Amino acid sequence: MPEGDTVHRAARRLHAALVGRRVLRFVFQHPGIEGTLEGGVVADVRARGKHLLIDLSDGRSLHSHLRMRGSWHVYAPGEPWRHPPTRMSVAILATTEGLSDGAPPTRTIAVGFDLATARIVRGDGALPALGPDLLEAAFDVDEAVRRLRSESACPLGVALMRQALVSGIGNVYKSELLFLERLDPFGPVGAHDEAALRALIERGRVLLARNLGPGPRVTRRGEGGRLWVYRRSGEPCFVCGELVRMRRQGEDGRSTYFCPSCQGVR
Ligand SMILES: [Zn+2]
C-alpha cells in the first residue's frame, strides 16, 4: 500500500498538470470505469488519505486508489511512457485549447498505471470513511488520538494502518514511527497513554510532511541508511546494536520491523 506522502506527491504533480485544462480524450482499460471525463474541465486534484480524486468543474470526479503497484505519471504528447500500455488503467489527454487567452495551447497526458480502484463518482459520498489525514492542513490530532483509543484492544501496529482511524500511514512509516517512539507494535493500543499516542501521531505528521518533496523517503539522517528499521531485519539497530527483526501482523500479514530491545518487544 502506498504511504500517504506518495499519494499526496502524485496529487501535486497531477494538480500542476491538469487543473484548468479540458479533458480532450479519456481512455481506460480498468473494468471499474463507467462513463467518461471527456469535455469536462479539471477543477482540482486532491489526496484524501490514500485516495486520489481528480475533480471536474461539473461535479464528476475520477476516484483512484494506488494500492501496492499503482502510480500516476504525467507526460508530454509523444513522450515515451515508462510502463507498457498494457499496464495503463486510465489515460487523460488534457488541453488548454479554447481556454487559454491568447497563449499557445498546450497538451498534457496523465496516465494511471495498475490502479487498484478507478471509477467515476459524483462528490465524496462514495469514498470509505477516513480518519483525519496526517497531511491535511486542518489535521485534528485530538480526533485521531480519540479514534485510535477507540480500538484499545487492537495491536498498535495494526491500528496505525487502519485508515478509518488515522489516514496516511502505510507499512514503512508504521515501522519507522513505532521505532522512533520506542513503542511495541504488538501490544494493544490501550497499553499506551494518550500522551504517547499523541506524540506518535504528531511525529507521523512531521515525517510525512518532510517527505513530500522529490527524492527517496527519509526518516533518518546519518551514515548507514535513510530508514531506521524498515527492511533491515538481521542488521544491527542504529541505536543499541541489537538485531532488527521482522514479524507479520494483522489479518493481511503486513510486515512490521522493530528493535526488540529499544521497543521492549518480548
Ligand atoms: Zn535498538
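Trainee: At roughly what angle do the axes of α2 and α5 cross?

Mentor: Keep in mind that this is a predicted model. The axes of α2 and α5 come within 10 Å of each other. α2 passes α5 in a right-handed crossing. The crossing angle is roughly 120°.

Trainee: Is α2 parallel or oblique to α5?

Mentor: Go back to the crossing of α2 and α5, at roughly 120°. An angle between 115 and 145 degrees falls outside the perpendicular and antiparallel ranges. That makes α2, relative to α5, oblique.

Trainee: Which residues of α5 make the contact with α2?

Mentor: Look at both sides of the contact. α2 brings in V141, A144, V145, L148 and R149. From α5 come E194, L197, R198, I201 and E202.

Trainee: How far does α5 reach from its first C-alpha to its last?

Mentor: Helix α5 covers residues 194–210, so 17 residues, and at 1.5 Å a residue the expected span is 24 Å. The model comes out close to that, with a reach of 24 Å.

Trainee: Which helices are included in what covers the buried residues of α5?

Mentor: Start with the residues to be covered: L197, L200, I201, G204, R205, L207 and L208 are buried in α5. What covers them includes α1 (4–18), α2 (141–149) and α4 (171–180).

Trainee: Let's move to the strands. Which are the edge strands of the sheet ordered β1-β6-β7-β5?

Mentor: This one is an open sheet of four strands with antiparallel pairing. The twist averages 15° from one strand to the next. An edge strand pairs on one side only, and here that picks out β1 (22–28) and β5 (71–75).

Trainee: Which residue of β6 stands opposite V23?

Mentor: β1 pairs with β6 (residues 88–95) in the antiparallel sense, over six bridges. Opposite V23, in β6, you'll find A94.

Trainee: And the sheet ordered β2-β3-β4-β8, what does its twist average from one strand to the next?

Mentor: That's an open sheet of four strands too, again with antiparallel pairing. Its edge strands are β2 (42–48) and β8 (117–122). From one strand to the next, the twist averages 20°.

Trainee: How many bridges join β2 to β3?

Mentor: The two strands run antiparallel. One facing pair to look for is R48 with H51, which lies in β3. The number of bridges joining β2 to β3 is six.

Trainee: Which residue in the turn between β3 and β4 has a positive phi?

Mentor: β3 and β4 pair in the antiparallel sense over five bridges, and I54 stands opposite L62 in β4. The two strands form a hairpin with three residues between them. In that turn, the residue with a positive phi, about 100°, is G59.

Trainee: Is D58 buried or exposed?

Mentor: D58 sits in the loop between β3 (51–56) and β4 (60–65). To count as exposed, a residue may have 12 or fewer C-beta neighbours within 10 Å. D58 has 12 inside 10 Å, so it counts as exposed.

Trainee: What is the bridge partner of H65 in β8?

Mentor: Here the strands to follow are β4 and β8, which pair in the antiparallel sense over six bridges. For H65, the partner in β8 is T117.

Trainee: Last one: at about what angle does α1 run to β2?

Mentor: α1 lies across strands in both sheets you've asked about. It lies across β5, β6 and β7 (107–113), running at about 30° to β5. α1 also lies across β2 and β3, and its angle to β2 is about 175°.

Definitions and conventions. Residues numbered from 1 in each chain as written. Predicted model: local features only at pLDDT ≥ 70, side-chain atom pairs only at ≥ 80, totals over all residues. Buried ≥ 20, exposed ≤ 12 C-beta atoms within 10 Å, placed from the backbone. Contact = placed C-beta atoms within 7 Å. Pairing = 2+ DSSP bridges. Axes fitted to C-alpha atoms, helices over the stretch in contact; angles between N-to-C directions. Parallel < 35°, antiparallel > 145°, perpendicular 65-115°, else oblique. Left-handed = near helix turned anticlockwise from the far one by under 90°.
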